[in-house]
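Dear colleague,

I am passing a structure on to you with this email, and I would be grateful if you could look through it alongside the notes underneath.

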Amino acid sequence: MTSFQALRVEKSDDGSFKRTVQERTVDELPPGDLLIDVRYSSLNYKDALSATGAPGVTRNYPHTPGIDVAGVVLDSQSEGFREGDEVIAIGFDLGMDTDGGFAQRVRIPATWALPLPAGLSLRESMILGTAGFTAALCIHKLEDAGMRPGHGPVLVTGATGGVGSVAVHLLSSLGYQAFAASGKSSQTEFLKALGAHEVLSREDVSNDSHRPLQREKWAGVVDTVGGDMMMNAIKALNYGASLAACGLVQSPTFTGTVLPFILRHVNLLGVDSVELPLDQKATIWDKLSSNWKIDSLESLATVLSLETLSDCIDKILEGKMVGRGLVDLSQT
């Protein structure tokens with residue numbers, strides 16, 4: 001098939017952005033080592049930013065977003081892959097300024113791709129996608145810093161989102177007491193079903209923001225929102241504990257002091273899944289396909305098509321998306 005369907009984002013003369021499903025040809029794709037038949041992608045917050053022209057995400061339009069891809073190699077110019085190989089690719093420039101996974105075909109450098117781990121299906125890998133991968137990377141980094149299930153409760157902020165929901169589910173399956181903080185009171189049962197030990201309101205983790213320290217409470221934190229909520233969580237870390245920061249939905253800035261760091265010996269851990277070296281990405285995917293594999297992944301997924309994707313892009317920006325958006329291109 002030389003032609004295929006793709007979601008295209010176009011910038012109008014008045015500065016607005018329009019999203020439509022269009023027919024494209026393989027010849028229009030950028031250069032690369034691997035031509036991939038995309039079976040699944042997933043919807044992430046960054047995809048929504050790319051699809052709406054947010055500054056600093058995508059510079060050149062028309063463009064196809066989609067920072068995640070799972071599919072089958074149709075043509076390989078790399079010794080590391082052969083036609084028919086099942087592969088996954090997340091991050092790097094995929095879906096940012098290189099046409100991404102919201103299409104039936106992508107062409108990418110071989111250095112962006114990994115063989116699909118034996119314990120995961122293509123569909124499962126994209127229910128996880130970048131968001132699920134990031135959740136696992138946060139927990140991996142927290143454990144490297146010393147966090148263990150017996151040390152006490154672990155807070156997850158923005159718990160109904162893509163990263164947060166997987167983090168709650170994964171922490172629970174690993175034996176942690178996951179405390180899920182969310183502004184969506186209607187999703188308490190959803191979070192409990194994922195294994196949340198307790199569900200907290202946004203206000204529960206945002207009070208006493210003027211105090212330099214709070215009572216020690218958390219053995220670790222997976223923070224997806226940034227801003228002052230992140231700083232409040234740092235103030236309440238147990239002595240020697242850590243917070244893994246991976247998001248900025250609330251704000252990229254925060255106000256605080258160095259007191260938690262020098263009096264409580266705590267750590268702020270930055271987490272990036274985009275430029276993470278491929279061997280380190282492989283380590284996390286191997287965990288997610290084996291001893292960290294999550295049962296009932298389907299319970300996290302809202303299945304989308306190219307035709308229904310645009311509405312959910314608006315929903316995720318409005319904070320109304322719950323769980324993971326799985327873009328199914330296998331039947332397109």
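The notes below deal with the pocket, the cavities and one helix.

Please keep in mind that this is a predicted model, in which local features need pLDDT of at least 70 and side-chain atom pairs count only at pLDDT 80 or more, while totals for chains, interfaces and linings use all residues. Residues are numbered from 1 along each chain as its sequence is written, and side-chain values use heavy atoms, with hydrogens and water left out.

The largest pocket (an open set of points on a 1 Å grid over the protein atoms alone, with protein on both sides within 12 Å along at least five of seven lines) holds about 1,200 Å³ of space, a volume being the space filled by probe spheres set on the points, which are joined across faces, edges and corners. Of the 48 residues lining this pocket (those with an atom within 4 Å of a point), Tyr 45, Thr 224, Gly 247, Leu 248 and Val 249 are the closest to its centre.

The whole structure also has three cavities of 30 Å³ or more, a cavity being a set of points where a 1.4 Å probe fits but cannot get out. The largest cavity holds about 60 Å³, and its lining includes Asp 204, Lys 217 and Trp 218.

In helix H7 (residues 278–288), a DSSP run of H or I with at least four residues, the buried residues (under 20% relative accessible area, 1.4 Å probe, protein chains only) are Lys 281, Ile 284, Trp 285, Lys 287 and Leu 288. They lie on the same side of H7, because they cover an arc of only 155° around the axis, taken from the directions from the helix axis to the C-beta atoms.

Best wishes

Key
Buried means under 20% relative accessible area, exposed over 50%, partly exposed in between (1.4 Å probe, protein chains only). Helices (H or I, at least four residues) and strands (E, at least two) are DSSP runs, numbered from the N terminus.
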